[in-house]
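Student: I am new to this structure and would like to learn how to read it one feature at a time. Could you take me through it slowly?

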Amino acid sequence: MGQPPEKIGPYDIISPLGAGGMGQVYEAEHSLLHRRCAVKLILPEFTSNRIALSRFEREVQAMARLSHWNTVRIFDYGVDARG
């Protein structure tokens, strides 16, 4: 899975949770709210691929519209200086 960053925006990275074809997921904690969460990052090799980025954004938007105890809740989305 590669070495995780220590911090992404307001999120302190704790440990890796898993990886898929397009991204990596880490256990994290919001530094101000002290709320545990999962942070999903698109893999570096996809950051310049507009089709992959569009797919990632559609995934975020679709998940944000769902409200069910069996699905994840989206709290945040963004791009950092590293892409």
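Tutor: Keep in mind that this is a predicted model. Let us begin with one pair of strands: β2, residues 11–19, and β3 pair in the antiparallel sense over seven bridges, and within that pairing serine 15 has glutamate 27 of β3 as its bridge partner.

Student: How many residues does the hairpin that joins β2 to β3 pass through?

Tutor: The hairpin leads from β2 to β3 through three residues.

Student: In what order do the strands lie in the sheet, and how do strands hold on to one another in general?

Tutor: The general idea is that strands of a sheet pair through backbone hydrogen bonds, in either a parallel or an antiparallel sense. Here four strands form an open sheet in the order β1-β2-β3-β4, with antiparallel pairing, and the edge strands, each pairing on one side only, are β1 (7–8) and β4 (36–42).

Student: What does the pairing of β3 with β4 look like?

Tutor: Strand β3, residues 23–30, pairs with β4 in the antiparallel sense, again over seven bridges. Glycine 23 stands opposite isoleucine 42 in β4, while glutamate 29 has arginine 36 of β4 as its bridge partner. The hairpin of these two strands has five residues between them, and histidine 34 there takes a positive phi near 55°.

Student: Why is glutamate 29 described as partly exposed?

Tutor: Glutamate 29, which is found in strand β3, has a relative accessible area of 23%, and it is called partly exposed because this value falls between the cut-offs of 20% and 50%. Glutamate 29 is also 7.3 Å from isoleucine 14, C-alpha to C-alpha, although the two are 15 residues apart in sequence.

Student: How can empty space be found, and what is the volume of the largest pocket?

Tutor: Rolling a probe the size of a water molecule over the atoms shows where empty space is left. In this model the largest pocket has a volume of about 1,200 Å³, and of the 37 residues that line it, the closest to its centre are Val39, Lys40, Leu41, Ile42 and Phe56. The elements that give two or more residues to this lining are β3, β4 and α1 (50–65), with the largest share, seven residues, coming from β4. By class, the lining has 22 nonpolar, six polar and nine charged residues.

Student: Finally, how many aromatic pairs does the structure hold?

Tutor: A pair of aromatic rings is described by the distance of the centres and the angle of the planes. The structure holds zero such pairs, but arginine 35 lies over the face of phenylalanine 75, at 4.6 Å from the ring centre.

How values were computed:
Residues are numbered from 1 along each chain as its sequence is written. This is a predicted model: local features need pLDDT of at least 70, side-chain atom pairs count only at pLDDT 80 or more; totals for chains, interfaces and linings use all residues. Side-chain values use heavy atoms; hydrogens and water are left out. Two strands pair if DSSP finds at least two bridges between them. On a 1 Å grid over the protein atoms alone, a cavity is a set of points where a 1.4 Å probe fits but cannot get out, and a pocket is an open set with protein on both sides within 12 Å along at least five of seven lines; lining residues have an atom within 4 Å of a point. Grid points are joined across faces, edges and corners, and a volume is the space filled by probe spheres set on the points. Ala, Val, Leu, Ile, Met, Phe, Trp, Tyr, Cys and Pro count as nonpolar, Asp, Glu, Lys and Arg as charged, and the others, Gly among them, as polar. Rings of Phe, Tyr and Trp (its six-membered ring) pair if their centres lie within 6.5 Å; planes under 30 degrees apart count as stacked, over 60 as edge-to-face and the rest as tilted. A charge sits over a ring if NZ of Lys or CZ of Arg is within 6 Å of the ring centre and within 35 degrees of the ring normal. Buried means under 20% relative accessible area, exposed over 50%, partly exposed in between (1.4 Å probe, protein chains only).
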